[in-house]
Amino acid sequence: MVRTSTGATPYLLVYGREAVICAGVEIPSLRIIQEAELSDAKWVQSCYEQLALIDGKRMNAVCHGQLYQNRMVRAFNKKVRPRQFTLGQLVLKRIFPHQDEAKGKFSPKWQGPYIVHRVLTRGTLILAEMDGEIWPKPINLDAVKRYNV
């Protein structure tokens, strides 16, 4: 902590009292122990109990965090609809904002149709133009949708 030439910290100057660290609240200082007239054995025991409580609270927080994440995963997976594409199927490709085709607010959001040339693993497709020209880069399943004629 930064101290000024008079010995006061900036926190003391702004708020009129010194900052107290959480460990100082949980584990009493030597002055508090002397005022409470605790023996060394009782002081060590209370410190040990406080540390054990902190570890327990930390483990409890970790467990709650993992349970929360599992609930979120289950809730997300309920809404996911698996989509499968077959060779030769017609699809539309999304136009992303960074592409040249995205010219404004009223421009189309999808382009195509394209033909599914290959279905790769991990949710990617190789598309081909209607004239048979194959795209060199695979595209993610999230960026395509079925084209219904």
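**Exercises on aromatic contacts and sheet pairing**

The structure holds 1 aromatic pair. The model examined here is predicted.

**Exercise 1.** Determine which class the pair formed by the rings of Tyr 114 and Trp 135 belongs to.

*Solution.* Step one: the ring centres of Tyr 114 and Trp 135 lie 5.1 Å apart, and rings pair if their centres lie within 6.5 Å. Step two: the planes stand at 75 degrees, and planes over 60 degrees apart count as edge-to-face. The pair is therefore edge-to-face.

**Exercise 2.** State which parts of the chain the pair ties together, and classify Tyr 114 and Trp 135 as buried, partly exposed or exposed.

*Solution.* Step one: Tyr 114 belongs to strand β2 (residues 110-120), while Trp 135 is in the loop between β3 (124-128) and β4 (139-140), so the contact ties together parts that are 21 residues apart in sequence. Step two: the relative accessible area of Tyr 114 is 7%; buried means under 20%, so Tyr 114 is buried. Step three: Trp 135, at 23% relative accessibility, counts as partly exposed.

**Exercise 3.** Establish the order of the strands in the sheet, and locate Arg 146 with respect to Val 91 and Phe 85.

*Solution.* Step one: 5 strands form an open antiparallel sheet in the order β4-β3-β2-β1-β5. Step two: β4 and β5 (144-146) are the edge strands, each pairing on one side only. Step three: β5 pairs with β1 (residues 90-94) in the antiparallel sense over 3 bridges. Step four: Arg 146, in β5, is the bridge partner of Val 91. Step five: the charged end of Arg 146 sits over the ring of Phe 85, 5.6 Å from the ring centre.

Terms used. Residues are numbered from 1 along each chain as its sequence is written. This is a predicted model: local features need pLDDT of at least 70, side-chain atom pairs count only at pLDDT 80 or more; totals for chains, interfaces and linings use all residues. Side-chain values use heavy atoms; hydrogens and water are left out. Rings of Phe, Tyr and Trp (its six-membered ring) pair if their centres lie within 6.5 Å; planes under 30 degrees apart count as stacked, over 60 as edge-to-face and the rest as tilted. Helices (H or I, at least four residues) and strands (E, at least two) are DSSP runs, numbered from the N terminus. Buried means under 20% relative accessible area, exposed over 50%, partly exposed in between (1.4 Å probe, protein chains only). A charge sits over a ring if NZ of Lys or CZ of Arg is within 6 Å of the ring centre and within 35 degrees of the ring normal. Two strands pair if DSSP finds at least two bridges between them.
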